[in-house]
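Trainee: Got a minute? I'd like to go through this one with you.
Mentor: Sure, put it up.

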Amino acid sequence: MNALRAPCTGLSGSLTGLDFGAPFLSPSALTVTMSGCVTQGAVTLVTVTVSQPFVFKVSFFSPVEVTLTESVQGVFN
């Protein structure tokens, strides 16, 4: 949420350059979506979902690629 902007606007942007503290995450491969933005009175709820491709590499199996996904709902007032 950006100060001095209407709720639910300007909710996207690049994550490149952020320090995640997790060396296996790649900011250029992350997908971030924001949805479900609802404002009632002075409270705004927004759902943020972050996805990251990840490859499991085990020597006796073929590499398996999965997408790690996490969602959280933020409450702003």
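Mentor: We'll take the fold, then the strands, then some single residues.

Trainee: What kind of model is this?
Mentor: It is a predicted model.

Trainee: OK. How many helices and strands does the chain have?
Mentor: The count is 0 helices and 3 strands. Along the sequence that reads β-β-β.

Trainee: What order do the strands take in the sheet?
Mentor: S1-S2-S3, in an open sheet with antiparallel pairing. S1 covers 31-40 and S3 covers 64-76, and both are edge strands. Each has a single partner strand, so one side of each lacks a neighbour in the sheet. On average, neighbouring strands here are turned by 15 degrees against each other, direction ignored.

Trainee: What holds paired strands together in general?
Mentor: Backbone hydrogen bonds, in parallel or antiparallel fashion.

Trainee: Over how many bridges do S1 and S2 pair?
Mentor: S1 pairs with S2, residues 43-56, over 8 bridges. For S2 and S3 the number is 13 bridges. Both pairings are antiparallel.

Trainee: Let's walk the S1 and S2 pairing. Which residue of S2 stands opposite Gln40?
Mentor: Val43. Then Thr39 faces Thr44 in S2. Further on, Ser35 has Thr47 as its bridge partner in S2.

Trainee: And what sits between those two strands in the hairpin?
Mentor: There are 2 residues between S1 and S2. Gly41 in that hairpin takes a positive phi near 65 degrees.

Trainee: On the other side, which residue of S3 is opposite Pro53?
Mentor: Thr67 in S3.

Trainee: Back to Gln40. Is Gln40 buried or exposed?
Mentor: Exposed. Its relative accessibility is 64%, and the cut-off for exposed is over 50%. Gln40 lies in strand S1.

Trainee: What's the C-alpha separation between Gln40 and Asn77?
Mentor: The two C-alpha atoms are separated by 9.8 Å. Along the chain, Gln40 and Asn77 are 37 residues apart.

Trainee: Stay in S1. Which residues does Thr33 contact, leaving aside neighbours within four places in sequence?
Mentor: Thr47, Val48 and Thr49. Thr33 is in S1. From Thr33 to Thr49 the C-alpha distance is 5.3 Å, with their positions 16 residues apart in sequence.

Trainee: Why does Thr33 count as partly exposed?
Mentor: Because its relative accessibility is 41%, and partly exposed runs between the buried limit of under 20% and the exposed limit of over 50%.

Trainee: And Gly36, what does Gly36 touch beyond its neighbours within four places?
Mentor: Leu45 and Val46. Gly36 also belongs to strand S1. Its C-alpha is 8.8 Å from that of Val48, which is 12 residues away in sequence.

Trainee: Now S2. Where does Ser51 stand, buried or exposed?
Mentor: Buried, at 17% relative accessibility. The place of Ser51 is in strand S2.

Trainee: What is Ser51 in contact with, apart from neighbours within four places in sequence?
Mentor: Ala29, Leu30 and Thr31, and also Thr67, Leu68 and Thr69. Thr31 falls in the range of S1, while Thr67, Leu68 and Thr69 fall in that of S3. Ser51 and Val32 are 6.6 Å apart, C-alpha to C-alpha, and 19 residues apart in sequence.

Trainee: What share of the chain is buried overall?
Mentor: Buried residues make up 13% of the 77 residues.

Trainee: And how much area does the chain expose?
Mentor: About 5,900 Å². Carbon and sulfur atoms supply 59% of that area.

Trainee: Which residues form the nonpolar patch on the surface?
Mentor: Val58, Phe60 and Phe61. Together they have about 350 Å² of accessible area.

Trainee: Where does Phe61 lie?
Mentor: In the loop between S2 and S3. Phe61 is exposed, with a relative accessible area of 55%.

Trainee: Last one. What share of the contacts is long in sequence, 24 or more positions apart?
Mentor: That share is 33%, taken over contacts with a separation of 6 or more.

Trainee: So what should I write down about the sheet?
Mentor: An open, antiparallel sheet of 3 strands in the order S1-S2-S3. Add that S1 and S3 stand at the edges.

Technical notes: Residues are numbered from 1 along each chain as its sequence is written. This is a predicted model: local features need pLDDT of at least 70, side-chain atom pairs count only at pLDDT 80 or more; totals for chains, interfaces and linings use all residues. Side-chain values use heavy atoms; hydrogens and water are left out. Two strands pair if DSSP finds at least two bridges between them. Helices (H or I, at least four residues) and strands (E, at least two) are DSSP runs, numbered from the N terminus. Axes are lines fitted to C-alpha atoms, for helices over the stretch in contact, and angles run from 0 to 180 degrees between N-to-C directions. Buried means under 20% relative accessible area, exposed over 50%, partly exposed in between (1.4 Å probe, protein chains only). Contact means heavy atoms within 4.5 Å. Accessible areas come from the Shrake-Rupley method with a 1.4 Å probe; for residues, only the protein chains shown count as cover. Patches are made of residues with over 30% relative accessible area and no salt bridge: like charges are joined within 9 Å, nonpolar side chains (Val, Leu, Ile, Met, Phe, Trp, Tyr) within 5 Å. A salt bridge is a side-chain nitrogen of Lys or Arg within 4 Å of a carboxyl oxygen of Asp or Glu.
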